[in-house]
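Welcome! Here are some exercises with worked solutions, to be read side by side with the picture below.

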Amino acid sequence: MRDKHHILSFSEYFLATIFTGLLFLIMSAALKFAIDWFLNERIQRDLENQRLSAELAFLKSQINPHFLFNSLNSIYSLAYQRSETTPEAILKLSEIMRYMLYECNDNKVDLEKELQYLQNYIDLQKIRFAGKAYIDYKISGTVDGQQIVPLLLITFIENAFKHGVANNPLTPIRLLIDVDDAHLHLYIQNKKHNNNVDASGGIGLNNVKRRLNLLYPGKYNLEIQDEEKTYTVELSLVL
């Protein structure tokens, strides 16, 4: 009986040892899987952040050569004519360049600075066109304390000046920006040139759409109406 009891005890001990070993292996495998998953997720997040940073850097580098060339030519013409608006034009261009090159390194900037950047761009366009660029630009709501991804809105304004009719005071470019709590609503509409076959904005607009998808997933709504005589953009964004 003792031998039989001894054999049973040994068998139970052997099975318990195997069970403990298997349990240890399973727990070790699960722990390794969890660690590998966590590290992989962290790597993916780091890669995504790097990709977003590269995206912003790429957009910052897309300074339109024609815009710079035309702006400098206009400033030269103003200086040659000894126009009183020359210092203002130089100041506006320098403020635009400083903002794009030095103040957009963070993922987000103060909304107030972004809107001032838009205002400087609009002012420079008015100077370039000798005061014959007409735009109805209004801001409503509370801007203080809000932040936004930099260089996100400028493409819509650039497209309006590039593809729209800006020299007719009866049909000015209409730009309305309303900030309500943490929500921003942008509305911009311009009359199209008769010979304008493509007012879609091309690469610039596609770039903005991609950045919206990456940086504001599920937090924005973009509607574009490309009609026969007008081009309208409405953007609603949770800041």
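Helices here are DSSP runs of at least four residues, numbered from the N terminus. Lysine 92, for instance, is found in helix α3, residues 86-102. Please keep in mind that this is a predicted model.

**Exercise 1. Get an overview of the helices and strands, and of how much is buried.**

Step 1. Start with the elements: the protein has six helices and seven strands.

Step 2. Now follow the chain along its sequence, and you will read the pattern α-α-α-β-α-β-β-α-β-β-α-β-β.

Step 3. Turn to burial: 33% of the 239 residues count as buried. The protein exposes about 15400 Å², and carbon and sulfur atoms supply 57% of that area.

Step 4. Finally, look at contacts between residues at least 6 apart in sequence: 73% of them join residues at least 24 apart.

**Exercise 2. Work out the order of the strands in the open sheet and how they pair.**

Step 1. Find the five strands of the open sheet; their order is β2-β4-β5-β7-β6, and the pairing is mixed. At the edges are β2 (135-141) and β6 (220-226), each of which pairs on one side only. On average, neighbouring strands of this sheet are turned by 5° against each other, direction ignored.

Step 2. Recall a general point: strands of a sheet pair through backbone hydrogen bonds, either parallel or antiparallel.

Step 3. Go through the pairs. Strands β2 and β4 are parallel, with seven bridges; here aspartate 136 stands opposite arginine 174 in β4. Seven bridges also link β4 to β5, but these strands run antiparallel. Aspartate 180 has histidine 183 in β5 as its bridge partner.

Step 4. Look at the turn from β4 to β5: the two strands form a hairpin with two residues between them, and aspartate 181 in the turn has a positive phi of about 60°.

Step 5. Move on to β5 (residues 183-191) and β7 (residues 230-238), which run antiparallel and are joined by nine bridges. Isoleucine 188 has valine 233 in β7 as its bridge partner.

**Exercise 3. Which side chains of β4 are buried, and which are not?**

Step 1. Walk along β4 and watch the side chains alternate between two faces.

Step 2. Sort them by face. Ile173, Leu175, Ile177 and Val179 point to one face and are buried. Arg174, Leu176, Asp178 and Asp180 point to the other face and are not buried.

**Exercise 4. Place helices α4 and α5 against the sheet, and explain why α5 counts as largely enclosed.**

Step 1. Take helix α4 (residues 111-128): this helix packs on the sheet and touches β2, β4 (173-180) and β5. The direction of α4 makes about 165° with that of β2.

Step 2. Take helix α5 (residues 154-163), which lies across β2, β4, β5, β6 and β7 and runs at about 5° to β5.

Step 3. List the buried residues of α5: Ile154, Thr155, Phe156, Ile157, Asn159, Ala160, Phe161 and His163.

Step 4. Draw the conclusion: because eight of its ten residues are buried, α5 is largely enclosed by the rest of the structure.

**Exercise 5. Decide for lysine 92, asparagine 49, phenylalanine 24 and alanine 130: buried, partly exposed or exposed?**

Step 1. Set the cut-offs: buried is under 20% relative accessible area, exposed is over 50%, and partly exposed lies in between.

Step 2. Lysine 92 has a relative accessible area of 13%, so this residue is buried. Leaving out residues up to four places away in sequence, lysine 92 touches Asn120, Asp123, Leu124 and Ile127.

Step 3. Asparagine 49, in helix α1, has a relative accessible area of 46% and is therefore partly exposed. Its C-alpha is 9.8 Å from that of asparagine 107, although the two are 58 residues apart in sequence.

Step 4. Phenylalanine 24 sits in helix α1 (residues 2-61) and counts as exposed because its relative accessibility is 57%. Together with Leu15, Ile18, Leu22, Leu25 and Ile26, Phe24 makes a nonpolar surface patch of about 630 Å².

Step 5. Alanine 130, in the loop between α4 and β2, is at 63% relative accessibility and so counts as exposed. Alanine 130 and leucine 78 are 52 residues apart in sequence, with 9.5 Å from C-alpha to C-alpha.

How values were computed
Residues are numbered from 1 along each chain as its sequence is written. This is a predicted model: local features need pLDDT of at least 70, side-chain atom pairs count only at pLDDT 80 or more; totals for chains, interfaces and linings use all residues. Side-chain values use heavy atoms; hydrogens and water are left out. Two strands pair if DSSP finds at least two bridges between them. Axes are lines fitted to C-alpha atoms, for helices over the stretch in contact, and angles run from 0 to 180 degrees between N-to-C directions. Contact means heavy atoms within 4.5 Å. Patches are made of residues with over 30% relative accessible area and no salt bridge: like charges are joined within 9 Å, nonpolar side chains (Val, Leu, Ile, Met, Phe, Trp, Tyr) within 5 Å. Accessible areas come from the Shrake-Rupley method with a 1.4 Å probe; for residues, only the protein chains shown count as cover. A salt bridge is a side-chain nitrogen of Lys or Arg within 4 Å of a carboxyl oxygen of Asp or Glu. Buried means under 20% relative accessible area, exposed over 50%, partly exposed in between (1.4 Å probe, protein chains only).
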